[in-house]
Number of protein chains: 2
Amino acid sequence: MARTSAPENPAARSTGRRRSGRPGHDADSVLRVAARVFNERGYDGTSMEDLARALGVTKSAIYHHVSGKTELLSRSLDLALDALFAVTREEGATTGHAIDRLEHVMRGSVRVLVEELPHVTLLLRVRGNTEVEKRALERRRRFDHLIADLVREGVVDGDIRSDVDPAVASRLLFGMVNSIVEWYKPDRGLACEEIADALVRIAFEGMRAPKE
Amino acid sequence: MARTSAPENPAARSTGRRRSGRPGHDADSVLRVAARVFNERGYDGTSMEDLARALGVTKSAIYHHVSGKTELLSRSLDLALDALFAVTREEGATTGHAIDRLEHVMRGSVRVLVEELPHVTLLLRVRGNTEVEKRALERRRRFDHLIADLVREGVVDGDIRSDVDPAVASRLLFGMVNSIVEWYKPDRGLACEEIADALVRIAFEGMRAPKE
DNA sequence: TGTGTTACCGACCGTTCGTTCAGTAGACCG
DNA sequence: CGGTCTACTGAACGAACGGTCGGTAACACA
């Protein structure tokens, strides 16, 4: 099993100007790499040794930046959830018809999903094995409820078809959204908006060709 | 962490009449329980100790039935993939208009997914860490290609809208199908057909209420 | 040159992992 | 009863795991 690949360049600091002290990774760059590797091998399937290799340091160096593997998971999941909930607080998600708010949240979710791909991917794979994971699942469940409520409202408004259970519909809907993490490749391929367009079109109008 | 739960009853043999020898688990009942536990905790997150507890035996007993953890994964993944490919060979999936064949495969996939829930769930979570997982991913990719081809044919027939990329559409479509494993509970809740109906309706006609 | 600050190494610890093996236990049949 | 079949136990193995610790390396600024 060749687990080797080029180590991350620590010089690519996320924010602004240099700090004092020896150059290298900081907590943020470690988190970014960790999330990526967690996705490639799964959280449980990733050893601290794997992370160290990807970072180009020894594993003991990781503990200089974070308290342990659990904190890396926790911070990654919080980051994803914070971004998703931020969408639900945007103006387009709080004012207007339910169906339009739903579309706004869908497009916003696609955006978050693409921008924070590794973190959201990790979130969608959580099984609830530990306390950290259980907490994340609980927050995610609250997000899902917001969506289900929007669909219910849309049905009441007469904008969303009433012949499917809103709970099932909202789950299928975001099953479609979330599935993007399974195949989206940031570098090559479609841009965020194109995917969102295709998604919204299929979700609302369906795959069948419109009658002429 | 309380990892304890009632052990599986070995007496509930899957097939037919009793065999000779001491009663207990056999290879199939071990596989069934293993797939369930792999889903609850993730494959990498499940230890042989966890499996043994769920089976109500010591972990060394497991090696009487299977060669190791890898074989359990391998057999589970093959079982899921065999069932999915079987759908694509059914008559409804090989004759008729592409859009109807697509619907047949979608409904069949939902059926397989519900009937073999633990195995399919496991398949959808595979990351490709080992050779066994890589092989399963390869087979799954072939299945996905079949779907994409059906969508492309449907577009050529004029039955499926041409304003979305067939590759993206087919991925979103089966993202929706596959998301069912995330929330479907076999005991309580909807039956297999109801879900398939809702799925097909949303996928082909969309969520928006039809104009009257 | 020296001081503060940040980043890292290498050896090591206790635990848990998947796996092995020699021996034992229970049901059926004669 | 003995023979045969299948299912299981308990102790142990080496490897890999997450994590700790004392010491060191490289920068900025003075």
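How many salt bridges does the rule find across the interface of domain 1 of chain A and domain 2 of chain A? It finds one; a salt bridge is a side-chain nitrogen of Lys or Arg within 4 Å of a carboxyl oxygen of Asp or Glu.

This is a predicted model, in which local features need pLDDT of at least 70, side-chain atom pairs count only at pLDDT 80 or more, and totals for chains, interfaces and linings use all residues. Residues are numbered from 1 along each chain as its sequence is written, chains are lettered from A and ligands numbered from 1 in the order in which they are written, and side-chain values use heavy atoms, with hydrogens and water left out.

Select A:Asp28 and A:Arg75. These two form a salt bridge, with their closest N and O atoms 3.3 Å apart.

Next, colour residues 27-62 of chain A as domain 1 and 70-205 as domain 2; the bounds come from an automatic or database domain assignment. Their C-alpha centres lie 26 Å apart. Twelve residues of domain 1 are in contact with 14 residues of domain 2 (contact means heavy atoms within 4.5 Å).

Now move to DNA strand D. It is surrounded by 26 residues, and A:Met48, B:Arg22, B:Thr58, B:Ser60 and B:His65 are the closest; a residue is near the strand if one of its heavy atoms lies within 4 Å of it. Sugar and phosphate make up 56% of the strand D atoms that come within 4 Å of the protein.

Finally, select A:Lys69: a polar atom of its side chain lies 2.9 Å from a phosphate oxygen of strand D. At A:Met48, a polar backbone atom is 2.7 Å from a phosphate oxygen of that strand.

Methods. A polar contact is a pair of N or O atoms within 3.5 Å; within protein, one must be able to donate a hydrogen and the other to accept it, and residues adjacent in sequence count only if both atoms are side-chain atoms.
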